[in-house]
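Work through these exercises with the structure open. Each task comes with a worked solution.

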Amino acid sequence: MNNRLICLFSYCLFNFSHSIAAPLLQEHDYPWEVLGEIEEFIRTLSPSLDPAIYENLGGGVYAAKSSRIAPSAHIEGPCIICEHAEIRHCALIRGSAIIGAKAVVGNSTELKNCILFDGVQVPHYNYVGDSILGYKSHLGAGAVTSNVKSDKSPVCIKGDGFAVETGRKKVGAILGDGVEIGCGAVLCPGTVIGRGSTVYPLVRVRGVIPEHSIVKGDGSVVPKR
């Protein structure tokens with residue numbers, strides 16, 4: 001196997017101990033392979049959640065009793081909201097979403113078919129669709145994941161010297177643990193960003209970004225020092 005491809009494997013991007021979705025992710029090599037299985041995974045897992053910790057809010061939505069959900073938030077199932085997560089004013093969760101412990105889903109943020117690891121922050125006007133955000137990753141205000149190509153063709157993951165067909169029309173972004181995305185950035189379909197990397201504000205990002213890198217305002221990628 002091309003050594004450059006190793007950076008795409010789930011175990012290279014995530015610490016599995018920081019997500020209730022770990023069993024699903026560990027079944028697959030590439031993280032985007034789970035996108036078509038999130039809904040069924042939630043429906044299967046939800047009834048087994050500890051009733052001392054979680055409550056069934058109806059409509060397939062299960063939320064930890066310690067979570068905070070604003071009355072104005074709209075949540076569709078299936079969905080799991082883990083302990084001490086915060087769902088703020090006017091958040092829209094369209095279903096098939098796993099929101100990790102101590103995660104923040106902010107005002108007017110929209111989620112759809114995604115996994116947010118523990119500690120993820122999407123706090124202001126974000127869109128996260130068909131995506132996986134690793135432990136303590138953060139999207140600045142207005143940063144979005146674009147999950148469909150303009151020509152509606154299947155998404156291909158492209159990196160330095162390789163290309164991997166996903167076979168899916170909808171693939172947003174895969175962010176490794178500790179990734180920081182600046183305000184107003186756009187992550188194009190099939191973007192994969194390695195652990196600990198940073199994207200400057202207002203940047204359009206596509207392809208595979210190595211771990212511990214910086215994507216600058218002109219789109220150049222340099223190693224962190």
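This is a predicted model. Start with one fact: Arg-68 is exposed, at a relative accessible area of 55%.

**Exercise 1. Describe the salt bridge between Arg-68 and Glu-86.**

Step 1. Classify the two ends. Exposed means over 50% relative accessible area, so Arg-68 at 55% is exposed. Buried means under 20%, so Glu-86 at 19% is buried.

Step 2. Check the distance. The cut-off for a salt bridge is 4 Å. The side chains of Arg-68 and Glu-86 meet at 3.2 Å, N to O.

Step 3. Place the ends in the chain. Arg-68 lies in strand β3 (residues 68-69) and Glu-86 in strand β6 (residues 86-87), so the pair ties together parts 18 residues apart in sequence.

Step 4. Look for shared partners. Arg-68, Glu-86 and Arg-88 are joined into one network by salt bridges that share partners.

**Exercise 2. Find how Arg-94 and Glu-110 are linked, and say where each one sits.**

Step 1. Name the link. It is a salt bridge between the side chains of Arg-94 and Glu-110, at 2.7 Å from N to O.

Step 2. Locate the ends. Arg-94 is in the loop between β7 (92-93) and β8 (97-99), and Glu-110 is in strand β10, so the pair ties together parts 16 residues apart in sequence.

Step 3. Compare with the accessibility cut-offs. Partly exposed falls between 20% and 50%. Arg-94, at 38%, counts as partly exposed. Glu-110, at 23%, counts as partly exposed too.

**Exercise 3. Do the same for Arg-195 and Asp-177.**

Step 1. Read the distance. The closest N and O atoms of this salt bridge are 3.5 Å apart.

Step 2. Locate the ends. Arg-195 is in the loop between β20 (191-193) and β21 (198-199). Asp-177 is in the loop between β17 (173-175) and β18 (180-181). The pair links distant parts of the chain, 18 residues apart.

Step 3. Classify the ends. Arg-195 is partly exposed, at 25%. Asp-177 is buried, at 9%.

Step 4. Give the total. The structure has seven salt bridges.

**Exercise 4. Trace the strand pairing around β9.**

Step 1. Start at β6. Two bridges join β6 to β9, and these strands run parallel. Glu-86 has Val-104 as its bridge partner in β9.

Step 2. Go on to β11 (residues 121-124). Three bridges join β9 to β11, again in parallel. Asn-107 has His-124 as its bridge partner in β11.

**Exercise 5. Is Thr-109 buried or exposed, and what does Thr-109 touch?**

Step 1. Place the residue. Thr-109 is in the loop between β9 (104-107) and β10 (110-116).

Step 2. Read its accessibility. At 0%, Thr-109 counts as buried.

Step 3. List contacts beyond four places in sequence. They are Ala-91, Leu-92, Val-122, Pro-123, His-124, Tyr-125 and Asn-126.

Step 4. Find the polar contact. The side chain of Thr-109 reaches the backbone oxygen of Val-122 at 3.1 Å.

**Exercise 6. Work out the aromatic pairs of Phe-9 with Tyr-11 and Tyr-30.**

Step 1. Count first. The whole structure holds four aromatic pairs.

Step 2. Take Phe-9 and Tyr-11. Their ring centres are 5.5 Å apart and their planes stand at 65°, so the pair is edge-to-face.

Step 3. Take Phe-9 and Tyr-30. This pair is also edge-to-face, at 5.3 Å centre to centre and 75° between the planes. Phe-9 is in the segment before α1 (10-13), and Tyr-30 is in the loop between α2 (22-25) and α3 (38-45), 21 residues apart.

Step 4. Check burial. Both Phe-9 and Tyr-30 are buried.

Step 5. Assemble the cluster. Phe-9, Tyr-11, Tyr-30 and Trp-32 form one aromatic cluster.

Terms used:
Residues are numbered from 1 along each chain as its sequence is written. This is a predicted model: local features need pLDDT of at least 70, side-chain atom pairs count only at pLDDT 80 or more; totals for chains, interfaces and linings use all residues. Side-chain values use heavy atoms; hydrogens and water are left out. Helices (H or I, at least four residues) and strands (E, at least two) are DSSP runs, numbered from the N terminus. Buried means under 20% relative accessible area, exposed over 50%, partly exposed in between (1.4 Å probe, protein chains only). A polar contact is a pair of N or O atoms within 3.5 Å; within protein, one must be able to donate a hydrogen and the other to accept it, and residues adjacent in sequence count only if both atoms are side-chain atoms. Contact means heavy atoms within 4.5 Å. Two strands pair if DSSP finds at least two bridges between them. Rings of Phe, Tyr and Trp (its six-membered ring) pair if their centres lie within 6.5 Å; planes under 30 degrees apart count as stacked, over 60 as edge-to-face and the rest as tilted.
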